[in-house]
Amino acid sequence: MTDTRGPQPQYEGYATGPLPGEREPAPGQAGPYHPPQAYPSPPGGQGGTHGGGRSYGGPQGVGPAQTARKPRTGARTTPRTRKARLRVAKADPWSVMKVSFLLSIALGICTVVASAVLWMVMDAMGVFSTVGGTISEATGSNEGNGFDLQAFLSLPRVLVFTSVIAVIDVVLATALATLGAFIYNLSAGFVGGVELTLAEDE
């Protein structure tokens, strides 16, 4: 079988030109592409309805001023709050003991100073002399003068008694806080520990 059609012409546009995906867009097509409408727009406006509520007339009839979205100027912005939910899983007994020791020492010093100030104020108001005279008259007899309250509640004795109480308080508070840390660790192993919710304002 022989080919009787003769030489076929070559299409230079497909042979030498770029592929359709490699072609550069035309200068007039810089804007967004709008597909052609299947039905023409009604003459009454930019778009309308036809039949069962179908609208015709698309973005071709809408200007750039109408398509631009205007920002809202009256909106109020509220500060955003970030929250984090944390759980205290374990308390270090050594750190609890150190902190409780220092806090109990500070509390003991405050107790001694407060006792000294209170004793001075009461002595300046004459409380000890009045109460001491009443007690000495009530407990006195012909052989003795009775109980001397001022000598018993002197400032050195009050300071010594308060210092002993402060030392006992330091020892007990430190021991109880450390024991409480061990008990908390045991209970946290069963129930998961104390949960905290932390919030941060931006």
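What span should the 37 residues of helix H6 have at 1.5 Å a residue, and how far apart are its end C-alpha atoms? The expected span of H6 (residues 155-191) is 54 Å, and its end C-alpha atoms lie 51 Å apart, which agrees. Such an expected span is 1.5 Å times one less than the number of residues in the helix. The model is a predicted one, in which local features need pLDDT of at least 70 and side-chain atom pairs count only at pLDDT 80 or more, while totals for chains, interfaces and linings use all residues. Residues are numbered from 1 along each chain as its sequence is written, and side-chain values use heavy atoms, with hydrogens and water left out.

A look at the whole chain helps to place H6. The protein chain has 6 helices and 4 strands, where helices (H or I, at least four residues) and strands (E, at least two) are DSSP runs numbered from the N terminus. Their order from the N terminus on is α-β-β-α-β-α-α-α-α-β. Of the 202 residues, 13% count as buried; buried means under 20% relative accessible area, exposed means over 50%, and partly exposed lies in between (1.4 Å probe, protein chains only). Contacts, meaning heavy atoms within 4.5 Å, often reach far along the sequence: among those between residues at least 6 apart, 68% join residues at least 24 apart.

Along H6, the buried residues include Val158, Thr162, Ala166 and Val170, and further on Tyr184, Asn185 and Ala188 are buried too. The elements that cover the buried residues of H6 include strand S3 (81-88), helix H3 (93-125) and strand S4 (194-201). Just after the helix, Gly192 takes a positive phi of about 100°.

H3 can be described in the same way. At 1.5 Å a residue, its 33 residues should span 48 Å, and the end C-alpha atoms are 47 Å apart, in agreement. Buried in H3 are Pro93, Ser100, Ser104, Gly108, Ser115, Ala116 and Trp119, and these residues pack against helix H4 (127-139) and H6. Gly126 follows H3 and has a positive phi, near 80°.

How do H3 and H6 lie relative to each other? Their axes come within 8 Å and cross at roughly 155°, the axes being lines fitted to C-alpha atoms over the stretch in contact, with angles from 0 to 180 degrees between N-to-C directions. The two helices are therefore roughly antiparallel, a label for angles over 145 degrees. One pair of residues illustrates the distances involved: Ile165 and Val112, 53 residues apart along the chain, have C-alpha atoms separated by 9.1 Å. Ile165 lies in H6 and, at 40% relative accessibility, counts as partly exposed.

Salt bridges complete the picture. The whole structure holds 2 of them, each defined as a side-chain nitrogen of Lys or Arg within 4 Å of a carboxyl oxygen of Asp or Glu. In one, Arg82 pairs with Glu200, with the closest N and O atoms 2.7 Å apart. This pair links distant parts of the chain, since Arg82 is in strand S3 and Glu200 in strand S4, 118 residues apart. Arg82 is partly exposed at 43% relative accessible area, and Glu200 is partly exposed at 40%. Glu195 forms a salt bridge with Arg85, the closest N and O atoms being 2.6 Å apart. Here Glu195 of S4 and Arg85 of S3 are 110 residues apart. Glu195 is partly exposed, with a relative accessible area of 45%, whereas Arg85 counts as exposed at 65%.

Key
Parallel < 35°, antiparallel > 145°, perpendicular 65-115°, else oblique.
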